[in-house]
Amino acid sequence: MRLSDGKRFWAAMGALAAVFAVLAAPAMAQGMVGAPTSWGMGLQESGGPIKDAIAGFNALVFGIIVAITIFVFVLLVWCVWRYRAEVNPTPSTTSHNTMLEVAWTVVPVLILIVIAIPSFRLVYYQDRTPNADLTISVQGRQWYWNYTYPDHGNFTFDSYPLAEDQLPPNQRHLFRLAVDNELVIPVGANVRVLTTGRDVIHSFFVPSLGVQKYTIPGRTLETWMRADREGVYYGQCNQICGTNHWFMPIAVRAVSREEFDRWVAEARQRFARADEEPAIAAPAAPADTVQIADARR
Ligand SMILES: [Cu+2]
């Protein structure tokens, strides 16, 4: 039996689609990746409601900026053309125009009010967690992150960046973003984030989730985040905090509720409790050895 040209075409398209589906499956299974991209011009793709709100506000302000820029440019070109010396031998000596002065004061005030109202709304939206599903405590340290899950047995762990050769070849672009122990959250949950600092001020910043909060020694600050899509959302400390400031990436992995519960069960085995003294396995080391160990942490 010979297939007609039309049928052959659709059979070929079908085969091609199947190949793409197989190739794309591993990427799709990983979910969204919130990370910077080469030549990225806009904000990072949004992973949740806070970043959606930020993107909306950004679009409003950007629209206003573009409109004002075009208005000023057109006005300038028109003035240069209309009042050039050639057609205007006797220049005007006008020094006052009450209507114009009132207009150029009132209109900018109105524009600022249009910006201020959604701006304050956004600041307060980010400030307090609506119906928190869980709380995570984030501590910035020189130079790594420490995460604690007080609602899930109070286990605590540190998060360090992966070296370039620890990453699979197709993920080398995530060097300085990927970490050994990711901050895991359930997708769709309102996560209250409490930040503290141990030594200097750091800043917990995950652009694709719209989160940024300083971590300040001696102070606890609150913010929140929610990922509506499964995936990994990368960020970095964005407050200059010393020599290894570059060494503090953040990776937040959003997973299904079941996967989160499995991870918690495993994490409780693997990590120490925050309210427990670390077990002393070896006899007390000489003071200088302890200092070296501390310096390496
Ligand atoms: Cu820093």
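User: Which atoms are the protein donors of the copper ion?

Analyst: Keep in mind that this is a predicted model. To read a metal site, list the atoms that hold the metal. Here the protein donors are Cys237 (SG), Gln239 (O), Cys241 (SG) and His245 (ND1). They lie 1.9 to 2.5 Å from the copper ion.

User: What arrangement do the four donor atoms make around the copper ion?

Analyst: Look at the angles. Four donors count as tetrahedral if all angles lie between 85 and 135 degrees. The four donor atoms here subtend angles of 91 to 125°, so the arrangement is tetrahedral.

User: What spacing do the donors follow along the chain?

Analyst: Read the donors in sequence order. The spacing is C-x1-Q-x1-C-x3-H.

User: Are Cys237 and His245 buried or exposed?

Analyst: Buried means under 20% relative accessible area. Both Cys237 and His245 are buried. Across the protein, 31% of the 297 residues count as buried.

User: Now a loop. Where does Gln44 lie?

Analyst: Place a residue by the elements on either side. Gln44 sits in the loop between β1 (32-34) and α2 (49-82). The whole protein has five helices and twelve strands.

User: Which residues does Gln44 touch?

Analyst: Leave out residues up to four places away in sequence. Gln44 then touches Gly34, Ala35, Pro36, Lys51, Pro207 and Ser208. For Ala35 there is a polar detail: its backbone nitrogen lies 3.5 Å from a polar atom of the Gln44 side chain.

User: What share of contacts in the protein join residues at least 24 apart?

Analyst: Count contacts between residues at least 6 apart in sequence. Of these, 68% join residues at least 24 apart.

Terms used:
Residues numbered from 1 in each chain as written. Predicted model: local features only at pLDDT ≥ 70, side-chain atom pairs only at ≥ 80, totals over all residues. Heavy atoms only, no water. Helix = DSSP H or I, 4+ residues; strand = E, 2+ residues; numbered from the N terminus. Polar contact = N/O pair within 3.5 Å; in protein donor to acceptor, adjacent residues only side chain to side chain. Contact = heavy atoms within 4.5 Å. Donors = N, O, S within 2.8 Å, 3.2 Å for Na, K, Ca; no water. Tetrahedral: all angles 85-135°; square planar, octahedral: opposite > 155°, others 65-115°. Buried < 20%, exposed > 50% of the residue type's maximum accessible area, 1.4 Å probe, protein only.
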